[in-house]
Amino acid sequence: MTNMNYYIKKFSDTLFLINDDTMCSTYVLIGNKEALVIDVGIASNKEKLLPLIRQITSLPLKVVITHAHKDHIGHLIEFDKFYIAKEEFKIIDDENIKNKAIILKDKDIFDLGNIKIEAYIAQGHTKASTIFIDKENKIAFTGDQFGSGCGVWM
C-alpha cells in the first residue's frame, strides 16, 4: 500500500511497516487483543500517522518508543499515551507530549493477546535506547541501536 507520504508494507497478518517519505519507520504488531506501535516517525511529514494505522487495525493501541530522537517521536501528539524509558523521557521538551508518557522499565512485557513483546533497555545509540523483542517469532525491533538503513549508529 502507498499514499503520497507513506509506504506501507505487510510482512504478515500481524506485522506491518510504515515508512514515511524520509524513510522513518513505524512498526505495527497486531495481536488478537491489542496492537503495538513501535516509533512514530518525524513531524516534518504533515500527514497524520494515526489514520494510516487505523486502516491496518481498529484494536486498542499501545505505543512504544525506541528512543527520543525527533525521527522516532514526531507524531506522538496524535496518541493518548506512550511508553518510553526514563532517560529518554528526560530528553523530550514538549510538555503536551511529556504528559502522555508512561515510564518503561527494562524487561516490561507487552501482551497483545497471542503475541508478547519484551522491552530491553540497552545503552548504545542513546543513553536508554530500547529494543523490543518478540521471542516466539524471533523478531527484534531495534530503532537505530544497530543500524537504520543509513549505517550503524551505535
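Where is T66 found? Some notes on that residue and a few other spots, keeping in mind that this is a predicted model.

1. **T66 and its surroundings.** Look in the loop between strand 5 (61-64) and helix 2 (70-73): that is where T66 is found. Despite the loop address, T66 counts as buried, because its relative accessibility is 1% and the cut-off for buried is under 20%. The T66 side chain makes a polar contact with the side chain of D39, at 2.8 Å. As for Y120, it is 54 residues from T66 in sequence, and the C-alpha to C-alpha separation of the two is 9.7 Å.

2. **The four-stranded sheet.** Strands 8, 9, 10 and 11 make an open sheet in the order 8-9-10-11, and the pairing is antiparallel. At the edges you'll find strand 8 (109-111) and strand 11 (139-141), each of which pairs on one side only. From one strand to the next, the twist averages 20°. As background, strands of a sheet pair through backbone hydrogen bonds, parallel or antiparallel.

3. **Strands 10 and 11 up close.** Strand 10 covers residues 130-134 and pairs with strand 11 over three bridges, in the antiparallel sense. If you want a register marker here, D134 stands opposite I139 in strand 11.

4. **E118–K135.** Four salt bridges turn up in total. One of them joins the side chains of E118 and K135, with an N to O distance of 3.2 Å. E118 sits in strand 9 (residues 116-121) and K135 in the loop between strand 10 and strand 11, so this pair ties together parts that are 17 residues apart in sequence. The two ends sit in opposite settings: E118 is buried, with a relative accessible area of 14%, whereas K135 is exposed, at 52%. Both values can be read against the cut-offs, under 20% for buried and over 50% for exposed.

5. **E87–K90.** Here the side chains meet in a salt bridge at 3.0 Å, N to O. E87 is partly exposed, with a relative accessible area of 28%. K90 also counts as partly exposed, at 48% relative accessibility.

6. **K10–D13.** The side chains of K10 and D13 form another salt bridge, again with 3.0 Å from N to O. D13 counts as exposed, because its relative accessibility is 59% and exposed means over 50%. In general, side chains of opposite charge can pair when their charged atoms come close.

Note on methods. Residues are numbered from 1 along each chain as its sequence is written. This is a predicted model: local features need pLDDT of at least 70, side-chain atom pairs count only at pLDDT 80 or more; totals for chains, interfaces and linings use all residues. Side-chain values use heavy atoms; hydrogens and water are left out. Two strands pair if DSSP finds at least two bridges between them. Helices (H or I, at least four residues) and strands (E, at least two) are DSSP runs, numbered from the N terminus. Axes are lines fitted to C-alpha atoms, for helices over the stretch in contact, and angles run from 0 to 180 degrees between N-to-C directions. Buried means under 20% relative accessible area, exposed over 50%, partly exposed in between (1.4 Å probe, protein chains only). A polar contact is a pair of N or O atoms within 3.5 Å; within protein, one must be able to donate a hydrogen and the other to accept it, and residues adjacent in sequence count only if both atoms are side-chain atoms.
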